[in-house]
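Here is a briefing on one protein model. Please have the sequence and the structure open while reading.

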Amino acid sequence: MDDKDSSIESIAKKIFIQAQEDIQRVQSEEIQNNNIGSTAIVTCIDTTTSALYSFSIGDSALFLCSGKKFEKLTIEDSRNGYLICRGKITSRDASRMPAGNALDWYMGKHVESQELWSHVHKKRTPVSSKDIIFLCSDGLYSVF
């Protein structure tokens with residue numbers, strides 16, 4: 001990893017840690033709503049190297065469209081998501097197994113910020129100026 005990669009990751013880490021701490025603060029202040037959580041994706045495009053950096057946790061999704069090819073860049077943090085990622089089941093199979101869609105990792109989970117960061121998916125993907133990037137909240141990307 002070069003200095004630029006390290007710098008971008010450092011900024012993303014600060015964003016995730018701050019968000020985790022903010023969510024946990026709200027959880028502690030609003031006792032009736034102590035189970036709130038969120039998914040998160042932080043992205044950055046380095047135009048000098050034509051690289052897309054993505055950092056994600058939860059079940060929101062980031063897609064890259066290069067020509068007619070769609071590639072999902074994120075991993076869903078659920079039992080079904082991990083099985084899909086490993087090619088063990090299809091997205092259609094997962095839709096029939098709703099219990100496996102419960103999230104294992106998300107912002108606001110009752111863990112220390114450093115532990116949460118260790119579960120954030122980190123990816124560097126080459127991109128071109130003709131590529132299209134889709135950011136989809138959970139549940140809105142089943143058509144891909």
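The points below cover the sheets, the cores, two single residues and the cysteines.

This is a predicted model. One open sheet of three strands runs in the order S1-S2-S5. Another open sheet of three strands runs in the order S4-S3-S6. The largest nonpolar core holds 16 residues.

**Sheet S1-S2-S5**

- Pairing in this open sheet is antiparallel, with the order S1-S2-S5.
- S1 and strand S5 (121–126) are the edge strands. Each has a single partner strand, so one side of each lacks a neighbour in the sheet.
- On average, neighbouring strands here are turned by 15 degrees against each other, direction ignored.
- Helix H1 packs on this sheet and touches S1, S2 and S5. The direction of H1 makes about 30 degrees with that of S2.
- S1 and S2 are joined by seven bridges in the antiparallel sense. Asp46 has Ala51 in S2 as its bridge partner.
- The hairpin of S1 and S2 has four residues between the strands. In this hairpin, Ser50 takes a positive phi near 55 degrees.
- S2 and S5 are joined by six bridges, also in the antiparallel sense. Ser54 has Lys123 in S5 as its bridge partner. Leu52 is bridged to Thr125 in S5.

**Burial of strand S2**

- Seven of the seven residues of S2 are buried, so the strand is mostly covered.
- In a regular strand, side chains alternate between the two faces of the sheet.
- Both faces of S2 are covered. On one side, Ala51, Tyr53, Phe55 and Ile57 are buried. On the other side, Leu52, Ser54 and Ser56 are buried.

**Nonpolar cores**

- Which members of the largest core touch the most other members? They are Phe16, Phe55, Ile57, Met107, Leu116, Trp117 and Val120.
- Helix H1 (3–29), strand S1 (40–46), strand S2 (51–57) and helix H4 (113–118) each supply at least two residues of this core.
- A second, separate core has six residues. Among them are Ile41, Leu62, Leu64 and Val127.
- In soluble globular proteins, nonpolar side chains tend to be buried together.
- Val120 touches Phe16, Phe55, Ser56 and Ile57, leaving out residues up to four places away in sequence.

**Asp46**

- Asp46 lies in strand S1.
- Buried or exposed? Asp46 is buried, at 6% relative accessible area.
- The Asp46 side chain makes a polar contact of 2.6 Å with the side chain of Thr48.
- Leaving out residues up to four places away in sequence, Asp46 touches Lys4, Ala51 and Tyr53. Ala51 is also the bridge partner of Asp46.

**His121**

- His121 is in strand S5.
- With neighbours within four places in sequence set aside, His121 contacts Ser54, Phe55, Ser56, Ile75, Asp77 and Tyr82. Ser54, Phe55 and Ser56 are among the buried residues of S2.
- His121 and Ile45 are 76 residues apart in sequence. Their C-alpha atoms are 16 Å apart in space.

**Sheet S4-S3-S6**

- This open sheet has the order S4-S3-S6 and antiparallel pairing.
- Strand S4 (69–72) and strand S6 (132–136) are the edge strands. Each has a single partner strand, so one side of each is left without a neighbour in the sheet.
- Neighbouring strands of this sheet are turned by 25 degrees against each other on average, direction ignored.
- Strand S3 (residues 61–66) pairs with S4 over four bridges, in the antiparallel sense. Ser66 stands opposite Lys69 in S4.

**Cysteines**

- How many disulfides are there? The count is zero.
- Cys65 is in no disulfide. The nearest cysteine sulfur is that of Cys136, 11 Å away. A disulfide needs the two sulfur atoms within 2.5 Å, so this pair does not qualify.
- Cys65 counts as buried, at 8% relative accessibility.
- Cys136 is likewise in no disulfide. Cys136 counts as buried too, because its relative accessibility is 10% and the cut-off for buried is under 20%.

How values were computed: Residues numbered from 1 in each chain as written. Predicted model: local features only at pLDDT ≥ 70, side-chain atom pairs only at ≥ 80, totals over all residues. Heavy atoms only, no water. Core = buried A, V, L, I, M, F, W, Y, C linked by side-chain atoms within 4.5 Å. Buried < 20%, exposed > 50% of the residue type's maximum accessible area, 1.4 Å probe, protein only. Contact = heavy atoms within 4.5 Å. Pairing = 2+ DSSP bridges. Axes fitted to C-alpha atoms, helices over the stretch in contact; angles between N-to-C directions. Polar contact = N/O pair within 3.5 Å; in protein donor to acceptor, adjacent residues only side chain to side chain.
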